[in-house]
Amino acid sequence: MIAKAAKVVELTAATVYQQEFTIRYDYPVYFTERVFDRDNPVLAHALSRRESGKRHRFAAFVDANVAASWPTLVHEIAAYAQAHADTMDLVAPPEVVPAGEQVKNDPMLVTRLQQRLGELAIDRHSYVVGVGGGALLDMIGFVAATTHRGVRHIRVPTTVLAQNDSGVGVKNGINAFGKKNFLGCFAPPHAVLNDFDFLRTLHPRDRISGIAEAVKVSLIRDAMFFEWLEANADALRECVANATSRMIRRCAELHMRQIAQGGDPFECGSGRPLDYGHWSAHKLEALTAHELRHGEAVAIGVTLDTRYSVQAGMLPAGVDERVYALFKRLGFHLWHPAMESRDDHGSFLILDGIEEFREHLGGELTVTMLRAIGRGEEVNNLDRGQIMQAMSWLRRRETGG
Ligand SMILES: NC(=O)c1ccc[n+]([C@@H]2O[C@H](COP(=O)([O-])OP(=O)(O)OC[C@H]3O[C@@H](n4cnc5c(N)ncnc54)[C@H](O)[C@@H]3O)[C@@H](O)[C@H]2O)c1
Ligand SMILES: [Zn+2]
């Protein structure tokens, strides 16, 4: 039987008033060093770029591990505000808040900080400045965006991942009910201040994990960047300054371009073009109770999906080996026992990540796979058997079993 097409009901102009408007967003992403050095003009510029000639009120929140690694930082922020008192008014001493993925798993912290913004009389013309890793910035951005329906926020990302990916984008959120980024919103920052100096105190694990997003975006967007990453893998692994800063700039550029020119900055459609390798990565973070860093899970997810693309006949054989070899040279471990966790019926839990990925956006399942190095391609169906084969391929390489 042929299904009849649903009839579109015509409504007259008297029945429906069509509302329509667009909002333009723009924000600068600065690249600087020693951002809170009183001679550095960047923060003053960021605060007053829209309305010059007034004192801008702001509250600052600092990642606890950043504060511990930079013991004078909190005083430097206060001293900076004092030195620039003509343009800014720091409403309270910068507050040190817990850090790492746990801050996205703690709804009480979000409530406490929203309440704190109320106590500090932060309004929609004031600013919230977050200084920290991607997790803290996702959470602080969410706090700012939901207080008074949207307080301006400025991000000072302090990890490789936050400088080259999460911090320069438009998404904010926290985890809830066992799901990554279940609660959140699209709220572009007012400005992003990337200070390369902060990266010096990162744990080696966090310096490396953020490079996974660079490999990801190079694979789907920029073949020459992928080759550059291969050629510079040793320098990147050792965190040689100029290689790392070049990688961060190119990666940030590619992410910013996708948001500005990709046609769907707030992801209203079904596609998540920048989330190559992420359907399994997000699930793996949850399955390992966040023992894996986001970047580490992304490295595994990207390797799996590259192998899948080869198996599916989309991508020439050998690219999978190249991607695997690059991640190994960069220092990634690409296996975690939780990848093989099963439910009571013996099904692999990682596969639930496919439906969760679809459900996060709604609509038809849309996953980016690889057609060539530098060229992603969306597919609407994943073959679970092929995924399991890709997992076996990776397990053999990583565990010998
Ligand atoms: N919003 C987005 O578009 C987007 C995109 C990608 C990832 N993310 C999110 O970003 C998060 C991961 O971010 P991350 O990799 O920065 O992890 P993270 O924020 O957990 O930081 C890693 C660790 O480094 C510490 N740290 C941060 N800066 C430091 C410094 N300069 N010196 C010493 N220690 C420092 C942190 O306290 C933390 O313990 C995940 O929650 C992920 O979901 C968001
Ligand atoms: Zn990511």
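A residue is taken to be near a molecule if one of its heavy atoms lies within 4 Å of it. With that in mind, a good place to begin in this predicted model is the surroundings of ligand 1. In total, 25 residues surround ligand 1, and the closest are D63, N65, E101, T159 and K180. Sorted by class, this shell holds six nonpolar, ten polar and nine charged residues.

Several polar atoms of the protein approach ligand 1. The side chain of K180 places a polar atom 2.6 Å from an oxygen atom of ligand 1, and K180 is also among the closest residues of the shell. A polar side-chain atom of T158 is found 2.8 Å from a nitrogen atom of the ligand. F198 takes part through its backbone, with an N or O atom 2.9 Å from a nitrogen atom of ligand 1. Of the 870 Å² of accessible area that ligand 1 has on its own, the protein covers 92%. Two elements give two or more residues to the shell around ligand 1, namely helix 2 (64-69) and helix 5 (134-146).

The next site to visit is the metal. The zinc ion, which is ligand 2, is coordinated by E213 through OE and by H278 and H294 through NE2, at 2.0 to 2.1 Å. Along the chain, the donors of this zinc ion follow the spacing E-x64-H-x15-H. The two histidines form a pair that links distant parts of the chain, with H278 in helix 12 (residues 278-287) and H294 in helix 13 (residues 294-311), 16 residues apart.

How accessible are these two histidines? H278 has a relative accessible area of 2% and H294 one of 18%. Buried means under 20%, so H278 is buried at its 2%, and H294 is buried at its 18%. H294 has a further partner besides the zinc ion, for a polar contact of 2.8 Å joins the side chains of H294 and E285.

Between the helices that carry these histidines there is a backbone feature to look for. H290 is placed in the loop between helix 12 and helix 13, and its phi is near 65°, a positive value in a residue other than glycine. H290 is partly exposed, with a relative accessible area of 22%. C239 offers another such case: its phi is near 60°, again positive in a residue other than glycine. C239 is found in the loop between helix 10 (233-237) and helix 11.

Aromatic side chains come next. A pair of aromatic rings is described by the distance of the centres and the angle of the planes. The count for this model comes to eight aromatic pairs. In one of them, the rings of F186 and F266 have their centres 5.3 Å apart and their planes at 25°, so the pair is stacked. This pair links distant parts of the chain: F186 belongs to strand 8 (residues 179-186), while F266 sits in the loop between helix 11 (241-261) and helix 12, 80 residues apart. F186 counts as partly exposed at 32% relative accessibility, and F266 is partly exposed with a relative accessible area of 25%.

F225 and W228 form a stacked aromatic pair as well, with 6.1 Å from centre to centre and 25° between the planes. Here the partners share an element: F225 and W228 are three residues apart in helix 9 (residues 223-231), so about one helical turn separates them. F225 is buried, with a relative accessible area of 4%, and W228 counts as buried at 16% relative accessibility. Returning to F186 and F266, these residues form one aromatic cluster together with Y25.

A last residue to find is V217. V217 has its place in helix 8 (residues 211-221). V217 counts as buried, at 0% relative accessibility. How far is V217 from L136 in sequence and in space? The two are 81 residues apart in sequence and 23 Å apart in space, C-alpha to C-alpha.

Technical notes:
Residues are numbered from 1 along each chain as its sequence is written. Chains are lettered from A and ligands numbered from 1 in the order in which they are written. This is a predicted model: local features need pLDDT of at least 70, side-chain atom pairs count only at pLDDT 80 or more; totals for chains, interfaces and linings use all residues. Side-chain values use heavy atoms; hydrogens and water are left out. Donors are N, O and S atoms within 2.8 Å of the metal (3.2 Å for Na, K and Ca); water is not among the atoms, so sites may look incomplete. Helices (H or I, at least four residues) and strands (E, at least two) are DSSP runs, numbered from the N terminus. Buried means under 20% relative accessible area, exposed over 50%, partly exposed in between (1.4 Å probe, protein chains only). A polar contact is a pair of N or O atoms within 3.5 Å; within protein, one must be able to donate a hydrogen and the other to accept it, and residues adjacent in sequence count only if both atoms are side-chain atoms. Accessible areas come from the Shrake-Rupley method with a 1.4 Å probe; for residues, only the protein chains shown count as cover. Ala, Val, Leu, Ile, Met, Phe, Trp, Tyr, Cys and Pro count as nonpolar, Asp, Glu, Lys and Arg as charged, and the others, Gly among them, as polar. Rings of Phe, Tyr and Trp (its six-membered ring) pair if their centres lie within 6.5 Å; planes under 30 degrees apart count as stacked, over 60 as edge-to-face and the rest as tilted.
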